Amino acid sequence: MIDYEQDIITAVREGLATASMSEVVVFDQTILSPSEFPCVCIEEIDNYTYRKTIDSGGNEHHVRVAYEVNVYSNRTYDKRGECKSIFAAVSDVLTGLGFSRNSRHPAELNESTAYRLVGRF
């Protein structure tokens with residue numbers, strides 16, 4: 001099975017540091033109630049074989065993957081803006097790796113003072 005998830009997450013961490021956002025904590029799985037802010041949760045939510053490139057021995061050479069990105073901020077002022085800036089930096093990294101963004105939307109957090117943006121690539 002082709003699996004580059006940790007490489008993708010490492011690229012996001014490094015990209016945030018390059019964008020002067022080294023204070024952003026990056027988790028490699030979705031956490032619905034993070035304890036550290038601001039943070040990004042990035043997780044490979046789908047990975048399946050691209051059947052047209054399977055060879056005669058049944059070996060896969062390409063896969064189709066999907067990633068979900070959750071960005072959280074609990075900043076007192078402009079938490080939405082902070083999330084949007086962080087999400088833009090993550091999007092730049094992922095699109096630079098050949099991904100395309102399929103969605104980005106706010107997500108409600110029950111009884112929370114944090115703001116959350118969710119996107120899929």
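Contact is taken here to mean heavy atoms within 4.5 Å. By that criterion, and with neighbours within four places in sequence left aside, Leu94 is in contact with Ile8, Val12, Ile42, Val69, Phe99 and Phe121 in the predicted model. Leu94 also belongs to the largest nonpolar core of the structure, which has 23 residues. Together with Leu16, Val40, Ile42, Val69, Ile86 and Val90, Leu94 is among the members that touch the most other members of this core. Two or more residues are given to the core by each of helix H1 (5-18), strand E2 (39-49), E3, H2 and E5. The largest share, seven residues, comes from H2. Another core, of six residues, lies apart from the largest one and includes Phe27, Cys41, Tyr72 and Ala114.

The protein chain contains two helices and five strands. Read from the N terminus, these elements follow the order α-β-β-β-α-β-β. The C-alpha trace spans about 60 × 30 × 20 Å along its principal axes. Of the 121 residues in the chain, 38% are buried. Among contacts between residues at least 6 apart in sequence, 54% join residues at least 24 apart. The accessible surface of the chain comes to about 7300 Å², and carbon and sulfur atoms account for 44% of that area. The chain carries 12 positive and 18 negative charges, and the mean positions of the two sets are 9 Å apart.

Side chains of opposite charge can pair when their charged atoms come close. The structure holds two salt bridges. One of them joins the side chains of Glu68 and Arg120, with an N to O distance of 2.8 Å. Glu68 lies in strand E3 (residues 63-73) and Arg120 in strand E5 (residues 115-120), so this pair ties together parts that are 52 residues apart in sequence. Glu68 is buried because its relative accessible area, 13%, falls under the 20% cut-off. Arg120, at 39% relative accessibility, counts as partly exposed.

The other salt bridge is formed by Arg75 and Glu82, whose closest N and O atoms are 3.5 Å apart. Glu82 is placed in helix H2 (residues 79-96). With a relative accessible area of 12%, Glu82 is buried, whereas Arg75 is partly exposed at 37%. When residues up to four places away in sequence are not counted, Glu82 touches Pro38, Ser73 and Arg75. The contacts of Glu82 thus include its salt-bridge partner, Arg75.

Pro38, one of the residues touched by Glu82, follows a cis peptide bond. The bond in question runs from Phe37 to Pro38 and has omega near -15 degrees. Pro38 itself lies in the loop between strand E1 (25-27) and E2.

Positive phi values occur at Ser20 and at Asp78. Ser20 is not a glycine, yet its phi is about 60 degrees. Ser20 is found in the loop between H1 and E1, and at 64% relative accessibility it counts as exposed. Asp78, likewise not a glycine, has a phi of about 60 degrees. Asp78 is located in the loop between E3 and H2 and is partly exposed, with a relative accessible area of 41%.

Asp78 and Arg104 are 26 residues apart in sequence, and their C-alpha atoms are 18 Å apart in space. Arg104 has its place in strand E4 (residues 103-106). At 39% relative accessibility, Arg104 counts as partly exposed, because this value falls between the 20% and 50% cut-offs. With neighbours within four places in sequence left aside, Arg104 is in contact with Lys84, Phe87, Leu117, Val118 and Gly119.

Terms used: Residues numbered from 1 in each chain as written. Predicted model: local features only at pLDDT ≥ 70, side-chain atom pairs only at ≥ 80, totals over all residues. Heavy atoms only, no water. Helix = DSSP H or I, 4+ residues; strand = E, 2+ residues; numbered from the N terminus. Buried < 20%, exposed > 50% of the residue type's maximum accessible area, 1.4 Å probe, protein only. Areas by Shrake-Rupley, 256 points an atom, 1.4 Å probe, with all protein chains shown as cover. Lys, Arg positive; Asp, Glu negative; His and termini not counted. Charge placed at Lys NZ, Arg CZ, Asp CG, Glu CD. Salt bridge = Lys/Arg side-chain N within 4 Å of Asp/Glu carboxyl O. Core = buried A, V, L, I, M, F, W, Y, C linked by side-chain atoms within 4.5 Å.
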